[in-house]
Amino acid sequence: MTGTVISHYRVKERLGSGGMGIVYRAEDIVLKREVAVKFLPERLTTNKRALERFLREARAAAALNHPHICTIYEVGEHDGQQFIVMELLEGQTLRQRMQGRPLPKDEIIELGIEIADALEAAHAKGIIHRDIKPANIFVTTNRHAKILDFGLAKLVSPETAATADMHDASITATIQEELTEAGYVVGTAVYMSTEQVRGQELDARTDVFSFGAVLYEMATGKKAFPGDNTEAVSDAILNQTPRPPTALNPDIPHKLQEIIETAIEKDRELRYQSASELRADLRRLKRDSDPANVRQTGQSAPEQKPSALPRNRRALTLAAISILALAAVVIGSWWLFKPARPGAQTLVQRSVTANPPENPVYTAAISPDGKYLVYADLTGVFVRLLETGETHSFPLPERFCFR
């Protein structure tokens, strides 16, 4: 096949093979770019079901235009062999990247957001992938995810994608990656959802479950539902609860564990109801895990204890005003009558408020432990944590005025 010109593509080298195709690197002679050309194996060209699956992949992926889904350029036939022309990806599959080991936390979150975004785009077009697994997710050399192989996808209208009837024989199995003499082998799918195993009708939540199983493996390096045979895997999916991810990898945050466990809920009514919900939680986790965001907003990290400020705002307002009045007298008297001490440390003046002349600070006091500043102006009372600048404001009581 190497050196052969097919349509306007010159085949250059073989890249690999799978249960449903052989992939070659090729050059688009017209557009002067490298592409990947996937051929249906010759022995399967007369297999109606295999041909249907091959063309389903092309139609499903071609209907999508998303940065994290492998782009399909063309579908054709050469000497009786069907082929698909797609973008050439440089990198490795997620399965190859993991190699039985967990990925770094930040990489899990970044890739997870991209995969969830791609699934949401497919579901919005009425396309359910039904075969999400590490071998069908590609990680490019610049660390971005691409979903591959829509060969088991089901096309339904976007209006019915969430509750579509997907009950057919193909949902209970996936195609093994190795070719066999018989053509292809139906094997065990450790990433199937509970409804797939039961042969029930499917909707977009089946992809969410499979993606959750993939996230579990990314976080732990272990399969969520392992087994030596079909029966053992099916029993694990239906009846067993995987070990908590943090028990296998203590470096991942508990929030990521919660996301994974919600995605692989056996009852799909308790699962994430869409890929967009899962993506939102991953984005929230990314935001809350970023030290720069914590510093910029002045908020505590997610798992730190919250500030111990009183919750009763009215009570705090009145207490703050009372403290201001008392502190003003005490501090003023102390400064007036304190004895001078030789060799006292030089005080450094630092501005901690920036009120304009038309709204001056009328009174202020520092807490005994030196951590908080309380001050008041015409707009209200303010409590500021001096170390970080975090400020909480409280309105003045009605008809209150400074004298």
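**Exercises on a predicted model**

Serine 210 is found in helix H5 (residues 205–220); helices (H or I, at least four residues) and strands (E, at least two) are DSSP runs, numbered from the N terminus. Residues are numbered from 1 along each chain as its sequence is written, and side-chain values use heavy atoms, without hydrogens and water. The model is predicted: local features need pLDDT of at least 70 and side-chain atom pairs pLDDT 80 or more, while totals for chains, interfaces and linings use all residues.

**Serine 210**

Task: decide whether serine 210 counts as buried or exposed, and list the residues that it touches.

Solution:
- Take the classes: buried is under 20% relative accessible area, exposed over 50%, and partly exposed in between (1.4 Å probe, protein chains only).
- The relative accessibility of serine 210 is 1%, so serine 210 is buried.
- Leave out residues up to four places away in sequence; serine 210 then touches Ile132, Tyr191, Met192, Ser193 and Gln196, where contact means heavy atoms within 4.5 Å.

**The whole chain**

Task: describe the protein chain by its helices and strands, by its share of buried residues and by its contacts between residues at least 6 apart in sequence.

Solution:
- The protein chain holds eleven helices and 17 strands.
- Its length is 403 residues, of which 44% count as buried.
- For contacts between residues at least 6 apart in sequence, 58% join residues at least 24 apart.

**Helix H8 and its surroundings**

Task: find which residues of H8 are buried, how they are placed around the axis and what covers them.

Solution:
- Leu256, Gln257, Ile259, Ile260 and Ala263 are the buried residues of H8.
- Looking down the axis of H8, these residues fall within an arc of 160°, so they line one face of the helix; the arc is that of the directions from the helix axis to the C-beta atoms.
- Among the elements covering the buried residues of H8 are H3, H5, helix H7 (245–248) and H9.

Task: describe how H8 packs against H9, and name the residues in the contact.

Solution:
- Helix H8 spans residues 254–263 and helix H9 spans residues 275–289.
- Their axes are 10 Å apart and meet at an angle of about 175°; axes are lines fitted to C-alpha atoms, for helices over the stretch in contact, and angles run from 0 to 180 degrees between N-to-C directions.
- H8 and H9 are therefore roughly antiparallel (under 35 degrees is roughly parallel, over 145 roughly antiparallel, 65 to 115 roughly perpendicular, the rest oblique).
- H8 brings Lys255, Leu256, Ile259 and Ala263 to the contact, and H9 brings Leu278, Asp281, Leu282 and Leu285.

**The sheet of E7, E9 and E10**

Task: give the order of strands in this sheet, find its edges and say which helix lies across E9 and E10.

Solution:
- The order is E7-E9-E10, in an open sheet with antiparallel pairing; two strands pair if DSSP finds at least two bridges between them.
- Strand E7 (91–93) and strand E10 (145–147) each have a single partner strand, so each has one side without a neighbour in the sheet.
- From one strand to the next, the twist averages 25°.
- Strand E9 (residues 137–140) is joined to E10 by three bridges, and phenylalanine 138 faces lysine 146 in E10.
- In the loop between E9 and E10 sits arginine 143, whose phi is near 65°, a positive value in a residue other than glycine.
- Arginine 143 has 47% relative accessibility and therefore counts as partly exposed.
- Helix H3 (residues 105–124) lies across E9 and E10 and runs at about 30° to E10.

**A hairpin and a loop**

Task: describe the hairpin of E5 and E6, then place serine 7.

Solution:
- Strand E5 (residues 72–78) runs antiparallel to strand E6 (residues 81–87), with six bridges between them.
- Valine 75 has isoleucine 84 of E6 as its bridge partner.
- Two residues lie between the strands, and aspartate 79 has a positive phi near 50°.
- Serine 7 is in the loop between strand E1 (5–6) and strand E2 (9–18); its phi is near 55°.
- With a relative accessible area of 49%, serine 7 is partly exposed.

**The sheet of E14 to E17**

Task: name the edge strands of this sheet.

Solution:
- The strand order is E14-E15-E16-E17, with antiparallel pairing in an open sheet.
- Strand E14 (363–366) and strand E17 (391–394) each pair on one side only, which makes them the edge strands.
- The twist from one strand to the next averages 15°.
- Six bridges link strand E15 (residues 372–377) with strand E16 (residues 380–385), and tyrosine 375 is opposite phenylalanine 382 in E16.
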